[in-house]
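Colleague: I am new to this structure and would like a close look at a single part. Please take the aromatic rings and what sits around them.

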Amino acid sequence: MQGATEFLPISSSGHLVILQNAFGMREPQVFLDVMLHVGTLSAVFFVFRRDILEMIRAAIAIARTRAFSGASGEVFLVAVIVGSIPTAVIGFVFADQFEKLFGSMTAAGAGLLVTGALLMLTEWRREEVVSLAMDGSGGIGVLQAALIGVVQGLAIIPGVSRSGSTIAAGMLLGLPRETAARFSFLLSIPAIFGALLFELKDYSPAAGAEGIGAAGVAAGTVIAAGVGIASLLLLLRVVRRGRISMFAYYCWLLGALAIAAGVMRG
C-alpha cells in the first residue's frame with residue numbers, strides 16, 4: 001500500500017488514518033516505516049534519474065561559475081529549493097496541530113474531499129495548457145514554486161494527497177501538466193528526506209526490526225520500491241493524457257465514507 005498511495009493522488013496518510021481507526025491497525029514500527037520510505041524514495045530517484053542528474057550538474061555549474069544560465073536543470077534546482085522552504089516552515093511550525101488530526105477519521109475524510117476537489121479543478125485547465133510545452137520543458141517561476149511548496153506543506157493534513165494537490169496546484173498556476181508532475185515529484189525528495197529524519201529521532205538501534213525480521217523489512221522495502229515505480233509511471237501516463245481528475249471520484253467516495261464512519265463513532 002505504501003508504494004501505491006504514496007504517489008497516486010489518493011493520500012497515503014488518509015488511508016493510514018482510516019485503516020487504523022476502522023480496523024485497529026497499529027502504525028508500523030519506526031524502522032519498518034523508515035525503510036518503506038527509503039523504498040518509495042528510491043522509486044523517485046529511479047524514475048526521475050535524468051532530472052536529478054541534471055540538477056546535480058546544474059548545482060556544480062553554478063558553484064563553479066557563480067552564474068545562472070537558465071538551463072532546465074538550473075530552473076528545477078532553484079524551484080525545488082524555493083518550494084522546499086515553505087514546506088519546511090509549515091511542517092515545523094504546525095507539526096503538533098497536524099499530528100492531532102491523525103486520530104480523526106472525519107479529518108481524513110474531509111482531506112480526501114479537498115483532494116478530490118483540487119483534482120477535479122484541473123479539468124478547467126486541461127484544454128488551456130494542452131498547447132504548451134508538452135515535453136515538460138516549460139519553466140517554473142519563483143512564485144509558482146513557492147506557492148506549490150505551501151500546498152505541499154498543507155498536504156501534511158491527513159487525506160490531502162501530496163502528489164495530487166501539488167500537481168493540481170501547478171496546473172492551476174499555469175504550468176504545463178507534465179512540468180507540474182515532474183516538479184511535484186522532484187519537490188517530494190526533500191520532503192521525504194525530512195520525514196525520514198523526523199522518524200529517525202524516535203528510532204532506537206536496540207529495537208531494530210524486532211517482531212518483523214530483517215527479511216520482512218527487506219521484502220517490504222523492495223515491494224515499496226517496485227510498486228512505487230509502477231505507480232509513478234502510471235500516474236505520469238495519466239497526467240500526460242490530462243486525466244488526473246479521474247482519481248477525484250475515488251477520493252470523494254472514500255472521504256464521504258470516512259466522514260460518515262467518523263460521525264457514527266462519535
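Which charged end sits over the ring of phenylalanine 46?

Modeller: This is a predicted model. The group over the ring of phenylalanine 46 is the charged end of arginine 49, placed 4.6 Å from the ring centre.

As for rings that pair with other rings, the whole structure contains four aromatic pairs. One of them joins phenylalanine 7 and phenylalanine 185: the ring centres are 5.9 Å apart and the planes stand at 70°. Planes over 60 degrees apart count as edge-to-face, so that is the class of this pair. Phenylalanine 7 belongs to helix α1 (residues 2-7) and phenylalanine 185 to helix α11 (residues 177-200), so the pair ties together parts that are 178 residues apart in sequence. Phenylalanine 7 and phenylalanine 185 are both buried. Ring pairs also bring in Phe48, which forms a cluster with Phe7 and Phe185.

Another pair is made by tyrosine 249 and tryptophan 252, with ring centres 5.9 Å apart and planes at 90°, so this pair is edge-to-face too. Here both residues lie in one helix, α13 (residues 247-265), three residues apart, which is about one turn of the helix. Tyrosine 249 has a relative accessible area of 53% and is exposed. For tryptophan 252 the relative accessible area is 29%, so this residue is partly exposed.

Key
Residues are numbered from 1 along each chain as its sequence is written. This is a predicted model: local features need pLDDT of at least 70, side-chain atom pairs count only at pLDDT 80 or more; totals for chains, interfaces and linings use all residues. Side-chain values use heavy atoms; hydrogens and water are left out. Rings of Phe, Tyr and Trp (its six-membered ring) pair if their centres lie within 6.5 Å; planes under 30 degrees apart count as stacked, over 60 as edge-to-face and the rest as tilted. Helices (H or I, at least four residues) and strands (E, at least two) are DSSP runs, numbered from the N terminus. Buried means under 20% relative accessible area, exposed over 50%, partly exposed in between (1.4 Å probe, protein chains only). A charge sits over a ring if NZ of Lys or CZ of Arg is within 6 Å of the ring centre and within 35 degrees of the ring normal.
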